[in-house]
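Please open the model in a viewer with the sequence panel visible. The tour below proceeds by selection, and each stop states what is to be found there.

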Amino acid sequence: MRDINNFSVDLVVTSPPYPMIEMWDNIFSTQNPEIKKVLEQKKGMHAFELMHQVLDPVWSEVYRVVKEGGFVCINIGDATRTINGDFTLYPNHMRIQRYLTELGFTPLPCILWRKQTNAPNKFMGSGTLPAGAYVTLEHEYILVFRKGSKRKFTNEVDKKRRRKSAIFWEERNNWYSDVWFDVKGTLQNLNDKVTRLRSGAYPFELVYRLINMYSAKEDLILDPFLGTGTTIAASMVSGRNSIGFEIDETLKDIINNALSSIEQVGNRYITNRISNHLDFVKLRKQSQKQIKYKNIYYGFPVIMSQERELYFNEILSIKKIPENIYKVSYLDTPESCLDNEGNEISSISCSLPNRPIGPSKSFSGKKGNQLVLF
Ligand SMILES: C[S@@+](CC[C@H](N)C(=O)[O-])C[C@H]1O[C@@H](n2cnc3c(N)ncnc32)[C@H](O)[C@@H]1O
């Protein structure tokens with residue numbers, strides 16, 4: 001991360017290896033051999049602290065590179081483990097929350113998301129006998145931080161970029177709630193189930209939402225613990241630039257496969273968002289509720305004036321150029337389709353679509369989407 005300039009990143013979305021979850025013991029011990037010894041001596045809390053000390057320098061770098069007003073979203077689960085016969089919780093989210101706050105980040109309300117598990121062994125402890133049974137651990141945290149004070153969009157170009165990045169009103173009601181029950185696995189084709197389990201990948205929907213909630217189109221997104229590349233994939237689909245770092249060389253092919261299949265999958269994802277919105281509009285009309293505004297590019301009704309310029313940049317092509325850089329071309333917005341009164345200006349590019357339709361103009365991500373292995 002040394003190559004990234006100070007104050008250059010708009011948003012960090014990441015999920016580190018989880019301290020005290022056994023699948024990550026090796027990766028921590030490779031970075032600090034003391035951890036292996038301490039685990040063999042069955043000193044759970046000491047190992048927990050040493051593992052977090054492996055992550056701390058990465059968080060410090062994150063603080064350096066994030067812009068004033070930029071956000072950081074960290075997906076993390078707590079761990080439970082039995083050492084010396086004692087079943088114990090290792091509160092990863094608390095340790096990371098404290099460290100980032102000490103670094104100078106402002107903590108914001110976090111999101112809990114429910115992990116879907118039907119495993120029969122999810123209940124822990126003494127079964128139906130009190131008092132030795134423990135509640136299941138089926139949620140993870142998305143810790144949210146801001147650096148400095150509120151982000152400002154001062155010039156007209158930035159304001160327009162922000163307006164085009166709006167999300168639908170009905171999505172806002174769901175996405176900006178503090179508990180997510182509806183986040184499911186990965187997108188079809190992004191990577192298979194075995195790869196996901198082996199790599200601890202988070203759901204595409206989770207990172208896609210966070211990117212669309214905490215950044216604007218053309219922003220720069222960073223993931224210092226890239227894994228299978230989900231953050232870069234979701235950044236590409238959202239029209240953002242991105243950089244990711246991954247220490248495990250064996251994931252390189254998996255990342256490249258995921259990114260080269262994202263064009264079709266991502267465009268289908270966008271189409272689904274639009275068709276969900278059209279379903280919402282239909283229901284709203286059936287219940288005789290008013291919808292006041294129209295989106296200027298698609299012509300469909302929207303609840304708030306802030307959604308009038310919302311636009312999905314469909315991916316036109318993804319080119320891999322040397323040194324693990326991907327260049328993405330997008331369909332760009334038509335100049336305008338409806339005027340302020342809702343009168344149609346251009347009928348060619350603005351017929352009411354059930355998929356994004358726009359002119360043949362395109363733009364490319366300025367900085368590209370970059371994967372760095374080290
Ligand atoms: C929980 S996984 C991330 C999964 C990712 N969000 C995804 O969707 O695939 C954490 C990743 O961090 C990597 N990692 C561990 N220590 C690292 C370090 N010091 N720097 C960079 N990556 C590291 C691991 O190899 C692992 O792939």
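Two strands are said to pair if DSSP finds at least two bridges between them. With that criterion in hand, select strand 1 (residues 9–14) and strand 2 (residues 66–76) of this predicted model. The two strands run parallel and are joined by five bridges. Within this pairing, Val9 has Val66 of strand 2 as its bridge partner.

**The strands around strand 1**

Keep strand 1 selected and add strand 10 (residues 220–223). These strands also run parallel, with two bridges between them. Val12 is the residue to highlight here, since it stands opposite Leu222 in strand 10. Is strand 1 buried or exposed? Six of its six residues are buried, so strand 1 is largely enclosed by the rest of the structure.

Next, display the side chains of strand 10. Leu220 and Leu222 point one way, Ile221 and Asp223 point the other way, and all are buried. Extend the selection to strand 11 (residues 241–246), which pairs with strand 10 in the parallel sense over four bridges. Opposite Asp223, in strand 11, stands Gly244.

**The nonpolar cores**

Now select Val12, Val72, Cys73, Val207 and Ala233. In the largest nonpolar core, which has 66 residues, these five touch the most other members. Helix 3 (residues 44–65) supplies the largest share of this core, namely eight residues. Because domain 1 (9–261 + 366–373) and domain 2 (283–362) both give residues to the core, it lies between them.

Centre the view on Cys73. Which residues is Cys73 in contact with, leaving aside its neighbours within four places in sequence? They are Val12, Val13, Ile142, Val144, Leu210 and Tyr214. Another core, of seven residues, lies apart from the largest one; Tyr297, Leu310, Tyr311 and Phe312 are among its members.

**Helix 3 and Val58**

Return to helix 3 and select Val58, which is placed there. Val58 has 14 other C-beta atoms within 10 Å and is therefore partly exposed. Add Pro16 to the selection: the two residues are 42 residues apart in sequence, and their C-alpha atoms are 9.7 Å apart in space.

**The ligand shell**

Show the ligand together with the 19 residues around it. Those that come nearest are Ala201, Phe225, Gly227, Thr228 and Thr230. By character, the shell comprises 11 nonpolar, six polar and two charged residues.

**Backbone points to inspect**

Most residues other than glycine have a negative phi, and most peptide bonds are trans. The following stops depart from those patterns.

- Select Pro130 and Ala131, which are joined by a cis peptide bond with omega of about 5°. Ala131 belongs to the loop between strand 6 (124–125) and strand 7 (133–134).
- Select Phe7, in the segment before strand 1. Its phi is positive, near 50°. Phe7 counts as partly exposed because it has 13 C-beta neighbours inside 10 Å.
- Select Asn84, in the loop between strand 3 (79–83) and strand 4 (86–90). Its phi is positive, at about 55°. Asn84 has 8 C-beta neighbours inside 10 Å and so counts as exposed.

**The whole chain**

Finally, return to the full view. The protein chain contains 11 helices and 17 strands. Of its 374 residues, 35% are buried. Among contacts in the chain with a separation of 6 or more, 68% are between residues 24 or more positions apart.

Note on methods: Residues are numbered from 1 along each chain as its sequence is written. This is a predicted model: local features need pLDDT of at least 70, side-chain atom pairs count only at pLDDT 80 or more; totals for chains, interfaces and linings use all residues. A nonpolar core is a set of buried Ala, Val, Leu, Ile, Met, Phe, Trp, Tyr and Cys residues joined through C-beta atoms within 7 Å. A residue is buried if 20 or more other C-beta atoms lie within 10 Å of its own, exposed if 12 or fewer, and partly exposed in between; C-beta atoms are placed from the backbone. Domain bounds come from an automatic or database domain assignment. Two residues are in contact if their C-beta atoms, placed from the backbone, lie within 7 Å. A residue is near a molecule or strand if its C-beta atom, placed from the backbone, lies within 6 Å of it. Ala, Val, Leu, Ile, Met, Phe, Trp, Tyr, Cys and Pro count as nonpolar, Asp, Glu, Lys and Arg as charged, and the others, Gly among them, as polar.
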